[in-house]
Each structure stands twice: as structure tokens, then as C-alpha cells.
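Here are some exercises to work through with the model open beside you. Try each task before reading its solution.

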Amino acid sequence: MAYSFPEEVLEHVFSFLSLARDRNAVSLVCKSWYEIERWCRHRIFVGNCYAVSPEIVIRRFPELRAVEMKGKPHFADFNLVPEGWGAYAYPWIAAMAEAYPFLEEIKLKRMVVTDESLELISKSYKNFKVLVLTSCEGFTTDGLASIAANCRHLRELDLRESEVEDLSGHWLSHFPDSCTSLVSLNMSCLGSEVSFSSLERLVARSPNLRTLRLNRAVPLEKLANLVRHAPQLVELGTGAYSSEIRSDTFSSLADAFSACKQLKALSGFWDVVPSYLPAVYSVCSGITSLNLSYAAIPSSDLVKLISQCQNLQRLWVLDYIEDSGLEALAASCKDLQELRVFPSDPFGAEPNVSLTEQGLVSVSEGCPKLESVLYFCRQMSNAALIAIARNRPNFIRFRLCIIEPQAADYLTLEPLDAGFGAIVENCKELRRLSMSGLLTDRVFKYIGTHAKKLEMLSIAFAGESDLGLHHVLSGCDSLRKLEIRDCPFGDKAVLANAAKLDTMRSLWMSSCSVSFGACKLLAQKMPRLNVEVIDERGPPDSRPESCVVERVYVYRTVASRQRLDMPDFVWTLDEDSSMRYS
Amino acid sequence: MSIPQEHDYIGLSEPLPSEKISYKMAAAAAAAEGVSPSLNAEKIGAFNLKETELRLGLPGSEAPERKGGIGIGVSLFGKELKDESVCVKSFVSGAKRGFSHAINGAGKWGLSIHGGSAADLGGNGGPNVKEEIPAVKAVEERKNEASITAPASKAQVVGWPPIRSFRKNTLATNTPKKDDVAGKSGSGCLYIKVSMDGAPYLRKIDLKTYCSYAEISSALEKMFSCFTIGQCGQGLAAKEHLSESHLMDLLHGSEYVLTYEDKDGDWMLVGDVPWEMFTDSCRRLRIMKGSDAIGLAPRTMQKSKSQN
């Protein structure tokens with residue numbers, strides 16, 4: 001007997017499902033559930049903007065209110081993707097402007113956003129509330145001015161680490177006096193000075209402001225004024241944290257901070273003068289997130305600050321903290337969950353600070369909740385990695401960057417296979433791994449055998465043969481993103497695991513050994529994979545098929561494989577004449 | 001550093017009993033061999049599939065002769081030689097452009113890029129096979145150079161260590177805390193955008209990897225292949241006093257002119273100020289059509305006239 005709930009009931013039930021994963025599952029049950037679900041989905045996440053087209057999304061989900069999307073592959077952050085590759089937001093913005101007049105949120109990562117797009121956003125959506133642009137580029141402060149001027153109900157404007165062409169600071173003054181809805185403002189990536197009085201008035205008239213991240217140009221002397229207007233702040237990013245030492249500036253700052261009873265996160269701290277750090281001591285006990293990764297402060301001052309933050313959960317810091325500082329961290333911050341240590345002088349030939357593998361070992365020993373690590377250092381040993389793995393089987397993200405490519409275990413001169421092997425073997429919940437140092441095919445065997453929950457893997461200057469890649473592709477059941485550079489992996493492994501690529505979001509390989517012939521073959525074999533050959537040496541057809549390509553980016557897609565915005569250094573399979581790449 | 005300078009893993013085509021031995025052997029082989037004979041002109045005739053594969057070596061290392069087997073490694077374009085001239089041309093010219101942009105500080109690498117130092121790159125005209133031979137000698141010279149100067153200036157690999165541009169640029173402008181950091185040259189890097197009128201997309205270059213106007217203009221020339229500023233840039237850098245007619249000749253002779261936006265947001269002609277001052281104040285570059293740039297020249301003329 002067939003039965004069904006009335007649609008309204010099902011819709012109501014589905015409204016409790018927020019995770020995309022759950023909604024996707026629900027939509028696969030039967031046609032009617034698919035139909036009901038698609039009409040009530042309001043939020044969508046597109047991990048690869050080329051995996052689908054705006055038309056397809058709009059056709060399926062007519063009632064979206066929030067769109068989150070990612071564009072360029074991760075390695076674009078490190079200049080491995082040539083400029084002009086793609087990931088333009090405009091086609092999406094334009095299509096959605098027509099289809100979703102009630103759109104409220106747009107969150108983009110690694111996409112090219114133009115002023116035109118920003119203006120279109122500001123004028124098309126009457127109820128627009130949230131704009132987050134992470135690592136985006138292509139727009140200027142004029143685009144920001146449009147957003148400020150026209151989005152009457154703007155709640156969030158977050159420009160994390162985007163590359164904005166800074167024409168002037170005047171954009172901020174475009175927020176009308178009637179705009180009082182701001183909850184979050186992150187302008188830390190901008191260079192120009194904004195009008196301080198406009199900023200102050202904006203902060204003063206925004207009672208819901210929870211997050212304020214200033215840029216470097218906001219001087220320390222003025223910080224107290226701003227903070228005083230917003231004692232309800234939860235997250236604060238300072239501007240430059242330096243000034244001549246004056247007791248009135250200091251006491252004014254300290255007073256302002258002491259009024260912020262809800263402050264949980266601090267960041268900024270450019271150009272720090274350590275004597276001003278004690279001004280924040282009054283809030284330290286409540287701080288759970290501290291980003292000091294732009295602060296060049298000696299270890300002793302760092303330790304003084306950190307040891308006040310007993311409830312610290314997340315710390316981003318420069319390697320000035322040194323091993324001694326990390327030991328102190330391990331002793332005082334038992335709630336620490338995430339640690340990122342960035343290099344202060346990555347291109348120097350000699351180490352400038354005393355930060356070694358020992359720092360990470362101390363933290364892994366002392367912090368039982370530590371689950372996410374990004375660590376830059378200059379030496380590592382298998383012994384240390386094994387110790388770390390045994391101390392912290394609860395790692396979810398582990399990213400280790402030993403600055404010298406292919407650095408061996410500095411004690412034994414052996415590859416670091418055993419060390420990373422211990423990480424994947426012990427940390428059964430590991431979802432993300434980035435490796436460095438000297439690594440043979442053996443480490444990939446360990447990864448393929450043990451890293452069953454691994455979703456993202458980054459490999460550089462590692463491995464010896466196709467076998468390495470084969471281990472990963474055949475063994476890592478949960479793998480979604482694989483990015484490889486400068487490794488001797490080639491055709492055999494890729495072609496043998498072609499079907500696996502269909503289950504992943506993407507595969508990036510640059511400066512490896514994949515031939516053009518293999519790319520063609522893969523594209524022919526797998527019609528739902530887009531195999532982009534990114535090569536700046538001219539058409540791959542003009543060279544023998546055995547010629548290795550500079551870069552290949554493979555991703556699954558339900559959109560056309562010949563995207564219209566391909567620059568002349570990207571080639572994909574020509575659907576009409578199946579043997580050519582054009 | 002405990003790691004041997006010429007560390008090479010790529011040459012391992014057969015599995016060896018213990019990794020330790022194999023790495024030391026490879027390192028020794030690489031060191032002893034110096035320049036790989038596969039570079040030489042004899043290979044031009046032979047159509048060897050293995051030779052055509054891209055190989056990767058690290059700064060200062062040389063890949064030894066390959067024994068066979070695919071997927072051994074990736075070597076830089078300079079070493080692949082083909083018998084079809086058409087093929088060589090497209091491969092070579094593109095490679096020049098591709099890798100000279102990809103590798104920061106082409107001149108510092110031990111691996112060959114056509115020509116000797118980066119300055120020579122500008123001197124070489126179009127791509128042609130004959131340049132392979134001088135490349136052999138140049139590699140050797142540069143390797144010696146590299147091993148002598150290695151501790152001071154580290155060759156940089158594109159995108160390594162993996163640090164985002166925003167952080168790199170911020171590091172470059174941070175005041176270093178420790179004294180021993182201050183003495184280093186070339187710490188950090190400075191990526192700026194380069195646009196060219198009429199080109200569909202922009203490029204990015206790291207200003208810190210160039211030491212002179214000649215270097216940067218030849219690098220840009222390769223990047224934007226119809227760009228002919230090479231003569232203009234060298235002319236400006238080499239001469240202290242510009243004759244008005246000479247500059248006018250250059251501007252009218254070449255279709256494009258190199259300009260930059262300085263800290264104040266003004267567009268200036270490249271070449272007027274000392275190199276260091278230029279890198280400090282340059283925020284972006286633009287390759288303008290010569291006709292648009294005529295307005296800039298008179299200022300230059302007046303400047304040099306007042307200097308005379």
C-alpha cells in the first residue's frame with residue numbers, strides 16, 4: 001500500500017535538516033522527496049564552481065537564500081595557478097540576480113570578483129545581509145563602496161585575506177547613517193586608511209556589532225575610542241599595535257578593554273610594541289582565539305601574554321615563540337585545540353629562531369585536546385613524529401611544512417616515512433594531511449593502508465614512482481581532494497585509478513610526470529571528469545603525446561567540459577572531435 | 001644544514017636495498033657528474049622519448065642520466081630536445097615564458113634555462129636550438145656560483161614554502177626582530193600585478209627576484225610575447241642622460257612602454273629612479289601602448305634636462 005505524508009508535513013520535517021549531506025541523502029529517496037526537498041532548500045555549498053553551472057543550480061533550487069562557493073584550487077594560494085585561469089564570480093552573480101531576488105548571503109572563496117559583480121549584488125538583492133570574500137581578488141574599494149552604500153540591511157562584510165585594489169579609504173564613508181545593522185566587519189586585508197570619524201560613527205551606531213577586524217592603518221592611539229563604543233564585541237582585530245610609549249594611551253586602552261566582558265577572540269597586532277600588550281590582560285581569561293601571526297614579538301613577551309589565556313582554544317603565532325614558548329603554552333593552555341606556527345623568515349638560508357620539532361612535541365604532550373596543527377619548521381625526525389602521533393591520536397588536521405624541500409630526518413638522515421606513517425596509523429580520525437620532507441613510496445603505502453578517513457592530502461617533492469600515487473588513490477576511501485606538486489607520479493597511477501577520480505572533488509598535479517596522452521585518455525574514458533591541461537608552452541597537440549604536461553587539474557562536473565572562460569593556456573577535450581584538445 | 005647540497009631522488013629507477021645507500025649514491029653521482037651529458041647537442045638528432053619528459057630537479061641539483069622507466073621524474077624544459085623544429089620552437093618558446101615566470105630568480109638556479117644568467121636571457125632573441133650549447137657551460141658556471149654563494153642567498157622555488165601572498169607581503173614589510181635577520185638580503189618577496197593593454201589577463205611577478213631594469217624588462221618581454229620594451233628598458237637603465245631624440249625614437253619605435261603605479265597612486269615611466277627606489281615604491285606595473293605614454297615622456301625629459 002502506497003502512502004505518503006502531505007507535502008507540508010514532509011517540508012516541515014526537512015526544515016530540521018541543516019546539513020547539506022543530509023538534504024542530499026533525503027533527495028535521493030524518491031522523486032517526490034526530491035521535488036519537495038528542492039523547493040525548500042535555502043542554503044547551498046558548491047565546492048568547485050566549475051562542477052556545476054548557474055543554470056543547473058537555479059533550475060533545481062528555486063528558493064535559495066544563501067550561496068557558498070569555492071573557485072580556484074587550493075594551490076592557487078601559492079601562485080601555482082597562472083593568473084587568468086578562471087573562477088569568475090560574475091556569471092553566477094548575474095544569473096542569481098535574476099533568479100533569487102531574496103538572496104541574503106554570498107560567501108566566495110578563491111574567486112575573481114569584480115566591482116561590477118559587487119555593484120550588481122548591492123543593487124539586486126533587497127534583503128542582502130552577508131558578504132564574505134575569502135582569498136578573492138579582482139575588485140577595488142569602489143566595489144566595497146557600492147556594497148556599503150546600497151545594502152540597507154547589511155550584517156556582515158568580511159574580506160578575509162582578499163586582494164583588494166585599494167584606491168582609497170573613502171568606501172567606508174558610504175555606509176549611510178541609517179545603517180545600524182552591522183554585526184561583523186572585517187577589513188584587515190586593506191591597506192588604505194579609512195576616515196576614522198566615519199569608522200567611529202559606524203561602530204557607535206551598530207549595537208549588534210560582534211566582530212570588528214581593523215586594518216593596519218588604524219593607529220593604536222585611536223583603538224581605545226573604537227573599543228569604548230563597542231563593549232559588546234566578541235571578536236576584535238586591532239590595527240597597528242605600536243605607538244610611542246605614553247601612559248595615557250596605555251591606560252585609556254586598558255580601561256577600554258576591561259569593559260569588554262564578552263571578548264573571545266583577538267587578532268591583528270601588526271608592528272607590535274610589547275609594552276602595550278598588558279593592556280589586554282584584563283580580557284585574557286576569556287580569550288579562546290588568539291591570532292598573533294603578524295606580530296613580531298620575542299618569545300618572552302608572547303609567553304607572558306599566552307600564559308594569561310587559560311581558556312585558549314586556538315593560537316596562531318609566528319615562530320618567534322620558539323620551543324621554550326611552546327613548552328610554556330603546553331603548560332598553561334590545556335584547552336588548546338588548534339595551533340598554527342608560521343615562519344618569520346621562510347626564505348632565509350639559516351634559521352633565525354630556535355624553533356624545532358621539540359616545540360610541537362611539547363604541545364602534543366601537554367595539550368590533550370589538540371586536534372588541528374599547521375607547523376612550519378626547519379628540522380624534523382621520525383622519532384619526534386612518532387612521539388607526536390602517540391601523544392595525540394585525536395588529530396583531525398595535521399599539516400607539517402619542513403622548509404627545506406626533501407629534508408631528511410635530521411638525526412638519522414632517513415626519509416620521514418616512518419614518522420608520517422605513525423601519524424596516519426595512530427590518528428584514525430585524520431581528515432586532512434599535508435606532508436613535507438624526504439618521503440619515499442613507503443609513506444604512501446602507509447597512507448593508503450591506514451588513512452581511511454582522510455579527505456584532503458597535499459604532497460610536495462615526495463615519492464619515487466607511480467606506485468606511491470597508486471597507493472593513495474586505491475587505499476584512501478574518503479579522499480576528496482588531492483593536490484600534488486613536483487612528484488614523480490605519472491600516467492600509470494592516474495589511469496589505473498580513473499574511476500576513483502569520479503568519487504573525488506578534484507585532483508591537482510603540477511610539475512609531475514603525467515603525459516598529454518594520458519590526459520587525453522582519461523578525458524575520453526571518463527566523460528564526467530573535466531581534465532584541464534594547464535600549460536603555458538602552447539598547444540599540447542603540437543608536441544608528442546608522451547610529452548609531460550606542466551599542470552593537470554581534474555575535477556568531476558555535470559556542467560560542460562568546455563567552459564567558456566578558459567584562457568589560452570588551458571586545454572580540455574574537444575567534445576566534437578574527440579582526439580583533439582582545444 | 002645537514003642536508004647535502006646536491007640531493008637527488010629522481011634518478012632512482014631501480015629499487016635499491018636500502019634507502020640510505022641509494023640517496024647517498026645518487027647525491028655522489030650528481031656531484032661527480034656535474035652537468036648531465038644529456039644536455040649536449042648530440043641529442044638533438046635522437047628522438048628519445050625519455051628525454052622529452054619533464055624532469056624536476058631542485059635548485060643546485062643535477063639529474064643524472066636516466067636509465068629508463070616512465071614516471072621517474074620531471075626535468076626542466078631546457079634539457080628536452082626534439083628532432084622536429086616546429087615542436088622545439090613551440091616547446092622552447094613557451095617553456096622560456098612559462099618557467100622564467102614560474103621560477104623566481106631564474107638566474108640563481110643551477111638548472112639551465114636558456115642562456116647563462118638572467119641578464120643573458122634578455123639578450124637572447126627568439127627561441128632556437130643553438131642556445132642549448134651555451135646552456136651547458138652556463139649551468140656548470142652557475143652551479144659553481146651557487147655552491148659558493150649558497151649560504152647567503154637561497155634559491156627560491158615557486159610557491160614554496162607554501163605561504164599565502166598576503167602573509168608574504170606582510171612579512172616583507174614587518175621590521176625584523178632579531179639582529180641576524182637584518183643582514184639577509186632577499187627575505188620575503190613582493191608580488192605585484194602586471195597588466196598589458198589589450199591582453200585578456202594579468203600576470204604576477206615577484207619584484208625581489210630581479211636586480212635591475214634590464215632583468216625585469218626581459219622577463220616581461222618573455223611573458224608578454226609581443227612586448228618589445230627590451231630595447232627601451234635597457235636603454236633607460238644604461239644611459240645616465242637621455243637624449244630627447246633617442247627616447248622619442250624608442251617610444252615611436254616600440255609599440256609599448258612600461259609604466260608603474262607608485263605609492264602615491266601616480267603612473268610613472270619605469271627607469272627614472274634607481275632600482276631600489278623603484279622596488280620600494282612600485283605597486284603595480286602596466287605595459288601601456290606607446291601612444292598613450294607620450295604624455296609621460298616630456299616629464300622625463302624635463303627631469304634629465306634639469307639634471308644636466
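**Exercise 1: a threonine in chain A**

Thr211(A) counts as buried, because its relative accessibility is 11% (buried means under 20% relative accessible area, exposed over 50%, partly exposed in between, with a 1.4 Å probe and protein chains only). This is a predicted model, in which local features need pLDDT of at least 70, side-chain atom pairs count only at pLDDT 80 or more, and totals for chains, interfaces and linings use all residues. Residues are numbered from 1 along each chain as its sequence is written, chains are lettered from A and ligands numbered from 1 in the order in which they are written, and side-chain values use heavy atoms, with hydrogens and water left out.

Task: Which residues does Thr211(A) touch, not counting residues up to four places away in sequence?

Solution:
- Start with the location: Thr211(A) lies in strand β9 (residues 211-213) of chain A. Helices (H or I, at least four residues) and strands (E, at least two) are DSSP runs, numbered from the N terminus.
- Next, list the neighbours, leaving out residues up to four places away in sequence: Thr211(A) touches Val183(A), Ser184(A), Leu185(A), Leu233(A) and Glu235(A). Contact means heavy atoms within 4.5 Å.
- Finally, look at Glu235(A): its side chain makes a polar contact of 2.9 Å with the side chain of Thr211(A). A polar contact is a pair of N or O atoms within 3.5 Å; within protein, one must be able to donate a hydrogen and the other to accept it, and residues adjacent in sequence count only if both atoms are side-chain atoms.

**Exercise 2: a sheet in chain B**

Task: Find the order of the strands in the open sheet of five strands in chain B, then describe the surroundings of β3(B).

Solution:
- The order is β2-β1-β5-β3-β4 (chain B), with mixed pairing. Two strands pair if DSSP finds at least two bridges between them.
- The edges are β2 (203-206) and β4 of chain B, each pairing on one side only.
- Now take β3(B), residues 256-261: six of its six residues are buried. Tyr256(B), Leu258(B) and Tyr260(B) cover one side, while Val257(B), Thr259(B) and Glu261(B) are on the other. In a regular strand the side chains alternate between the two faces of the sheet.
- On to the partners: β3(B) runs antiparallel to β5(B) (residues 284-289), joined by six bridges, and Thr259(B) stands opposite Arg286(B).
- With β4(B) (residues 267-269), β3(B) pairs in the antiparallel sense over three bridges; here Tyr260(B) stands opposite Met268(B).
- By contrast, β1(B) (residues 191-196) and β5(B) run parallel, with four bridges, and Met196(B) has Ile287(B) as its bridge partner.

**Exercise 3: backbone surprises**

Most residues other than glycine have a negative phi, and most peptide bonds are trans.

Task: Where does Ala87(A) lie, and is it buried or exposed? Do the same for Asp486(A), then inspect the bond from Trp160(B) to Pro161(B).

Solution:
- Ala87(A) has a positive phi of about 65 degrees. The residue sits in the loop between β2 (66-70) and α5 (90-99) of chain A, and Ala87(A) is buried because its relative accessible area is 0%.
- Asp486(A) has a positive phi near 55 degrees. Its loop runs between β19 (481-485) and α18 (491-496) of chain A, and with a relative accessible area of 5% Asp486(A) is buried.
- The bond from Trp160(B) to Pro161(B) is cis, with omega near -5 degrees. Pro161(B) lies in the loop between α5 (132-149) and α6 (165-173) of chain B.
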